[in-house]
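Me: I'm new to this one and would like a close look at a single part of it. Could you take me through it slowly and then show me how the rest fits around it?

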Amino acid sequence: MPSKEELKAAIHAAFESVVADGASYTKVYASEMKQKNYIVFRTTTVSNFAVGFKPGRTELVIVPLDENMGVISAGAPLTVTDANRASVKRRDLQGRTVIKTTDGQTFKLSVLPSVPKLMAAAYQLPVDQKAEYEAFVAVRDTITAS
């Protein structure tokens, strides 16, 4: 498995490959876990995202990520602006940031300052992003206050 620094660089490169002027954004890694309970078993689906933002602005760019053997590829970006943002909650009961858009999409994102390698099974991509996390919290708080 690649190192935390290599994964972080790959996440940033994937984001920049699909977002115009992507290098000018601050980027954080986020994950979303969805669980479905059935009578006999429970399934858990983990989705990975790169969330880009510019400090002082309320626009977020969410890029779905796919990881295969340390190679990160990016999906189509979604830009969440004041016009298409329905709501943002700081935390739900599981400590996630919940972002809803006016077209019905909901993202329940876990953004952690550091994901240890032991948690790689749950969070998929272990990264260190303490400075980016603090910047994300500031932008999230600005959005929720508006």
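In the hairpin of S3 and S4, which residue takes a positive phi, and how many residues sit between the strands?

Reply: Happy to. Bear in mind that this is a predicted model, so everything here describes a prediction.

Your residue is Met69, with a positive phi near 55°. The hairpin of S3 and S4 has two residues between the strands. On one side of the turn you have strand S3, covering residues 60-68, and on the other strand S4, covering residues 71-74. The two run antiparallel and are joined by four bridges. To see the pairing for yourself, find Asp66 and look across to S4, where Ser73 stands opposite.

Now let's step back. The protein has three helices and eight strands. Reading from the N terminus, the order is α-β-β-β-β-β-β-β-β-α-α, so your hairpin belongs to the run of strands that follows the opening helix.

Let's start at that opening helix, H1, which spans 4-18. The loop between H1 and S1 holds Asp21. Asp21 also has a positive phi, near 60°, and it isn't a glycine. Its relative accessible area is 51%, and since the cut-off for exposed is over 50%, Asp21 counts as exposed.

After that loop come S1 (residues 26-37) and S2 (residues 42-53), an antiparallel pair held by 12 bridges. A hairpin with four residues links S1 to S2. One pairing to look for is Tyr29, whose bridge partner in S2 is Ala50. Arg42 is in S2 too. With 54% relative accessibility, Arg42 is exposed. Setting aside neighbours within four places in sequence, Arg42 is in contact with Gln35, Lys36 and Asn37.

Further along the chain there's another hairpin, formed by S7 and S8. These strands run antiparallel as well, with four bridges between them. Lys100, for instance, has Thr106 in S8 as its bridge partner. Here four residues lie between the strands, and Gly104 takes a positive phi near 95°.

Strand S7 covers residues 97-101 and includes Val98. Val98 has a relative accessibility of 6%, and because buried means under 20%, Val98 counts as buried. Between Val98 and Asp82 there are 15 Å in space, C-alpha to C-alpha, for a separation of 16 residues in sequence.

S8, residues 106-109, is a nice one to turn around on screen, as its side chains alternate. Phe107 and Leu109 point to one face and are buried, while Thr106 and Lys108 point to the other and are not.

Finally, the whole thing. The C-alpha atoms fill a box of roughly 40 × 40 × 25 Å along the principal axes. A compact globule of 146 residues would have a radius of gyration near 15 Å, and the protein's value of 15 Å agrees with that. Buried residues make up 39% of the 146. If you take contacts between residues at least 6 apart in sequence, 48% of them join residues at least 24 apart.

As for the outside, about 7900 Å² is exposed, and carbon and sulfur atoms supply 53% of it. The charged side chains come to 18 positive and 15 negative, and the centres of the two sets lie 8 Å apart.

Notes: Residues are numbered from 1 along each chain as its sequence is written. This is a predicted model: local features need pLDDT of at least 70, side-chain atom pairs count only at pLDDT 80 or more; totals for chains, interfaces and linings use all residues. Side-chain values use heavy atoms; hydrogens and water are left out. The radius of gyration is taken over C-alpha atoms; the globule rule is 2.2 Å times the number of residues to the power 0.38. Buried means under 20% relative accessible area, exposed over 50%, partly exposed in between (1.4 Å probe, protein chains only). Contact means heavy atoms within 4.5 Å. Accessible areas come from the Shrake-Rupley method with a 1.4 Å probe; for residues, only the protein chains shown count as cover. Lys and Arg count as positive and Asp and Glu as negative; His and the chain ends are not counted. The place of a charge is taken as NZ of Lys, CZ of Arg, CG of Asp or CD of Glu. Two strands pair if DSSP finds at least two bridges between them.
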